[in-house]
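Please look at the model shown here. Some questions on its packing and internal space come after it.

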Amino acid sequence: MKKLLFAPMLLASLFAIAQKNEDAAKYAETITGKALKEKLTIVASAEFEGRETATPGQKKAAAYIEAQFKKFGLKPGNGDSYQQLYPVYQDELTGAKLSVNGKPFQLDKDFTFALQTVPSGTTSVNDVVFVGYGLPEDFTSDVKGKMVMVLDGAPADYKPATTTSPNPRQGGPTSAFAKSNTARAKGAAGIIFVSNAFPRKITTVTKGNMYLTKPTSSFATIQVSEEIASALLGRTATLTTENLKVVNKGTYYAETKLTIDKATANLESSNVVGVLEGTDKKDEYVVLSSHYDHLGKRDTVIYYGADDDGSGTTSVLQMAEAFAKAKKKGDGPRRTIIFLTVSGEEKGLWGSQYYSEHPLFPVAKTTVDLNTDMVGRVGSEYKGDTSNYVYVIGEDKLSSDLMGISDSINKTAKMELDRRYNDLNDPNRFYYRSDHYNFAKVGVPIIFYFDGVHADYHKPTDTVEKINFDLMEKRVRLIFNTAWVMANRDAMMKRDIPLNVPAR
């Protein structure tokens, strides 16, 4: 009896799958270049002033996205709110003093610093250790609790034993980053870089970078004039940088006092989250993500960010509208779909980091994150069919399911799925540079869709009229069809590849 029933049941199942695939194609057709352009023209408009995180422009963009989610009939993703707020901090310099042996020096005339590299309050030390160029082999004296003073660069004939740095992206052992890290690791109170570029023509920036968590380091990094350097070495006459190259390394007594007064502003940003509830698998989730922030406004110049990532944001909006139409017609997804647009990406993936650390939906039940970041242009390095490609990154990193599904869906789409940047050792490090990374970090399988870097990347000229909407339409339909399969298949994505996601 069971054998007799099996064939009809199998046929019914295959028919249902085929019908679902036809439905996907039908709703994908509602994703058009015209509709994408209408939304992107708003997202990348002058009104939103480049959408920099924790600015009025970003908040206007968030309000627009929320209004769209409401219009489509999506539920709010954070209780009764469409926004997941998170804190952002910014320091403002209100005062800076530096004295050596009681003699005061002036900001910009004699010394400077980046606001995030100096602690608030007073740093007082009596010993300064001059370590020449500050290369690893120069740290022969005890520097714990003392200020370290270094010259810029390295001797002309210097050949490092290794090019390895604490962070390879910041340069080798001769970089300021590496010298600071060495001094910090050895317990120094701070590091002083000697420069002959004083008095400065550009004044010290008094409003610091934004940050996600308040820094707690007491390590100070400052740049000083040759006059201050000479005073720290106990000289009454000013030594030039060339003179300093032959000064003996060692510890010098100098009463040094650095006082920094900073006021910290407590700002706020948000992720915007809309939810389309599933049916029989509604307690499992597919995330469609993008970042809606960009670089903002510099003086009167707006960085519009049409491709980066207005294109991804409007892609998520358009897919949300298509899925919502499907549900209204009775063709809703089995799994719940989370439409997640985050801010803070340009600052360091802040919004997605906050979401991964404070998930609104269980990470263990999140089957996949499909992340869309720049899908409206042609990368300047791409030499193939520029009318029909997209870069795909990360499919094979956590799940053996994803690449096969991508290739299967693409049999119909017939796009070139270019995987040249899929290597974790890719020198561009694209795998680490968008919001999917924070999902991968917590074990969620991901696919990152990307068009490559072009001449207008992170420039004010990344504008709507340069978007290729025909190509964008193809890409977004491909992502939509992929999400459709993810949301309706019987099983969640396997997590069968060991997590191997190094720190950024």
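The questions below take up the nonpolar cores, then a cavity.

This is a predicted model, in which local features need pLDDT of at least 70, side-chain atom pairs count only at pLDDT 80 or more, and totals for chains, interfaces and linings use all residues. Residues are numbered from 1 along each chain as its sequence is written, and side-chain values use heavy atoms, with hydrogens and water left out.

Q: Which helix gives the most residues to the largest nonpolar core?
A: A nonpolar core is a set of buried Ala, Val, Leu, Ile, Met, Phe, Trp, Tyr and Cys residues joined through side-chain atoms within 4.5 Å; buried means under 20% relative accessible area with a 1.4 Å probe, protein chains only. The largest such core has 87 residues, and Phe480 is among the six that touch the most other members. Helices are DSSP runs of H or I with at least four residues, numbered from the N terminus. With eleven residues, the top contributor is helix α12 (residues 469–488).

Q: Which strand gives the largest share of the lining of the largest cavity?
A: A cavity is a set of points on a 1 Å grid over the protein atoms alone where a 1.4 Å probe fits but cannot get out, and lining residues have an atom within 4 Å of a point. The lining includes Leu98, Met147 and Lys257. Strands are DSSP runs of E with at least two residues, and β5 (121–130) and β10 (250–276) each give two or more residues to this lining. The largest share, three residues, comes from β10.

Q: How many nonpolar residues are in the lining of the largest cavity?
A: Ala, Val, Leu, Ile, Met, Phe, Trp, Tyr, Cys and Pro count as nonpolar, Asp, Glu, Lys and Arg as charged, and the others as polar. The lining has two polar residues and one charged, and the nonpolar ones number six.

Key:
Buried < 20%, exposed > 50% of the residue type's maximum accessible area, 1.4 Å probe, protein only. 1 Å grid on protein atoms, 1.4 Å probe; cavity = no way out; pocket = protein on both sides within 12 Å on 5 of 7 lines; lining within 4 Å.
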